[in-house]
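Colleague: I would like to take a close look at a single part of this model, and then to see how that part sits within the rest of the chain. Please take your time over the answer.

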Amino acid sequence: MEQTMIKNPLGYEKIPKLLKSFAIPSIIAMLVSSLYNIVDQIFIGQGVGYLGNAATNVSYPLTTICLAIALLIGIGSASNFSLSLGGGDKEKAAKITGNAVCMMLMFGIIYAVVIEIFLLPMLNAFGSTPDVLPYAQSYTRITAIGMPLLIVTNGISNLARADGSPKYSMTCMLIGAVINTILDPVFIFVFHQGVAGAAWATVIGQFFSFLFALRYLRKFKSVELKREHFRLNLRLCLTTVTLGMSNSLNQVALTVVQIVMNNSLTYYGAMSVYGKEIPLAACGIVMKTNAILLAVIIGISQGSQPIVGFNYGAKQYQRVKDTYKLAIVCNLVVSAIGFILFQFFPRQIISLFGTGDEAYFEFSVKFMRIFLFMVIANGVQLISSNFFSAIGKPLKGMILSLTRQVFFLIPLILIIPLFMGIDGIMFAGPVADTMAFIATVVLISFEMRLISRMQAQQKAGSSTV
């Protein structure tokens, strides 16, 4: 193990330098991933109108489920990979990688088939209205083709980062986003294909990202992959799923929140002066704008994962604590900037996504300011749940990842509007954020005390030798 630490910079390089080198490419990769949907939303808003924006909002839960699958396998296998490398077991790390690639392909194909078969009932369940449904169907039938590509690209991207290649991981996502951004206006404004054009631009971008991600299988630094490594192993599958569960459930919870929120917005919107479609379109813009901020925070979290995982496996506990603390500080700075933008420049942000009448802007601005009021606290929970996965304690990470969305936000979305109408949906956000933050502080404080005790025992053991 000592030899492993000497050879791998994760075991000796300064934490700020390591986090910078891993987090920046990871942030760019996550931002680029978010841009697939954001760019579509902007061009569809300009070329189709707010019904097109509402359609992408209705179909968005299918994308978050896809990302949940990608994180389940990608983060789970990357965490296991880092822990194995930290423990000096390269053969196990190679098997983890091959097993993960097989899982990605299998899960991706099954998911795409399920979407094509059950698309109509799913879109209705996600809150589609009769006016929005044709747009949503057209968009989603095409984007479903790219779901397996997105899962494989995201999964290999996480493994590449754990292998010490954060820039390659970033480039995987960057290629597809650049192609998507170029093709979106061409298909929408030149060929007049509307939401279908935006969908094809997305899939084509994902295809080229997928090809670039596959190339990395021949470029791994820490392990040498052989044909026999690429087979499904039930025990490794279960470990991967267990370690990736907290990140995956966070995405699944976001999907459930989106479905509950869409249905609540159309129900209470019909009783308000705004109608059904305006709240639905506004929610999509606010959620996807917030997704940009979350992408940065997730990038910081994913950048810290290989450092935390390796050093925890190598029993270098002070480096584990230092990495977590630095990630939290970076998150608070980023979240503070997000808070300022959401509170003071909401109309300017919303205007990027197309035009609408005064009622549309009035509701959208109000929704952004209220729902995202406690955004500064969000990242602490996100980074902490990923921290638990990185140190091989997925149950704690899973519990933490469910606090905001499942335990707090969904019940509040259902209860508060009974007394406040559609405004209650907005206020559910900051209340849930505050409660989740308190739960996170309690859990992470307990874990840090536990790590400190392990560190003290380790020092006491070395001093008696």
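In which loop, and between which helices, is the place of H192?

Modeller: Please keep in mind throughout that this is a predicted model, and that what follows is computed from its atoms. The place of H192 is in the loop between α7, which covers residues 166–190, and α8, which covers residues 194–215. The backbone at H192 has a positive phi of about 55°, although this residue is not a glycine. As for its surroundings, H192 counts as exposed, because its relative accessibility is 64% and the cut-off for exposed is over 50%.

A second loop residue can be set beside H192. K315 is found in the loop between α10, residues 277–313, and α11, and the phi of K315 is near 60°, again a positive value in a residue other than glycine. K315 has a relative accessible area of 45% and is therefore described as partly exposed, since that term covers the range between the 20% limit for buried and the 50% limit for exposed.

From the loop of H192 one can step into the helix that follows. F207 has its place in helix α8, and with a relative accessible area of 39% F207 is partly exposed. Its C-alpha lies 10.0 Å from that of M147, although F207 and M147 are 60 residues apart in sequence.

From the loop of K315 one can go either way, into α10 or into α11. In helix α10 lies Q305, which is buried, with a relative accessible area of 2%. Leaving aside residues up to four places away in sequence, Q305 touches A78, S79, S82, N386 and A390. Q305 and A295 are 10 residues apart in sequence, and their C-alpha atoms are 15 Å apart in space. On the other side of the loop, V334 is found in helix α11, which runs over residues 317–344. V334 touches L293, V296 and I300, again not counting residues up to four places away in sequence, and V334 and L294, which are 40 residues apart along the sequence, are 9.6 Å apart from C-alpha to C-alpha.

Two further helix residues help to fill in the picture. T64 lies in helix α3, residues 50–86, and is buried, with a relative accessible area of 5%; beyond residues up to four places away in sequence, T64 touches Q251 and T255. A436 is found in helix α17, residues 422–464, and counts as buried at 2% relative accessibility. With residues up to four places away in sequence left out, A436 touches T403, R404 and F408, while the C-alpha atoms of A436 and F407, 29 residues apart along the chain, are separated by 8.7 Å.

The cysteines deserve a word, since a biochemist will probably ask about them. A disulfide is a covalent bond between the sulfur atoms of two cysteines. In this model the count comes to zero disulfides. C237, for example, is in no disulfide, and the nearest cysteine sulfur, that of C102, is 8.4 Å away, whereas a disulfide would require the pair of sulfur atoms to be within 2.5 Å. C237 counts as buried at 13% relative accessibility, and C283 counts as buried at 0%.

Finally, the chain as a whole gives these local details their setting. Its secondary structure comes to 17 helices and zero strands. The radius of gyration is 22 Å, close to the 23 Å that the globule rule gives for 465 residues, so the chain is as compact as a globular protein of that length. The C-alpha trace spans about 75 × 45 × 35 Å along its principal axes. Buried residues make up 61% of the 465 residues, and among contacts between residues at least 6 apart in sequence, 83% join residues at least 24 apart. The accessible surface comes to about 18100 Å², of which 69% belongs to carbon and sulfur atoms. The chain has 33 positive and 19 negative charges, and the mean positions of these two sets are 12 Å apart.

Definitions and conventions: Residues numbered from 1 in each chain as written. Predicted model: local features only at pLDDT ≥ 70, side-chain atom pairs only at ≥ 80, totals over all residues. Heavy atoms only, no water. Helix = DSSP H or I, 4+ residues; strand = E, 2+ residues; numbered from the N terminus. Rg over C-alpha atoms; globule rule 2.2 N^0.38 Å. Buried < 20%, exposed > 50% of the residue type's maximum accessible area, 1.4 Å probe, protein only. Contact = heavy atoms within 4.5 Å. Areas by Shrake-Rupley, 256 points an atom, 1.4 Å probe, with all protein chains shown as cover. Lys, Arg positive; Asp, Glu negative; His and termini not counted. Charge placed at Lys NZ, Arg CZ, Asp CG, Glu CD.
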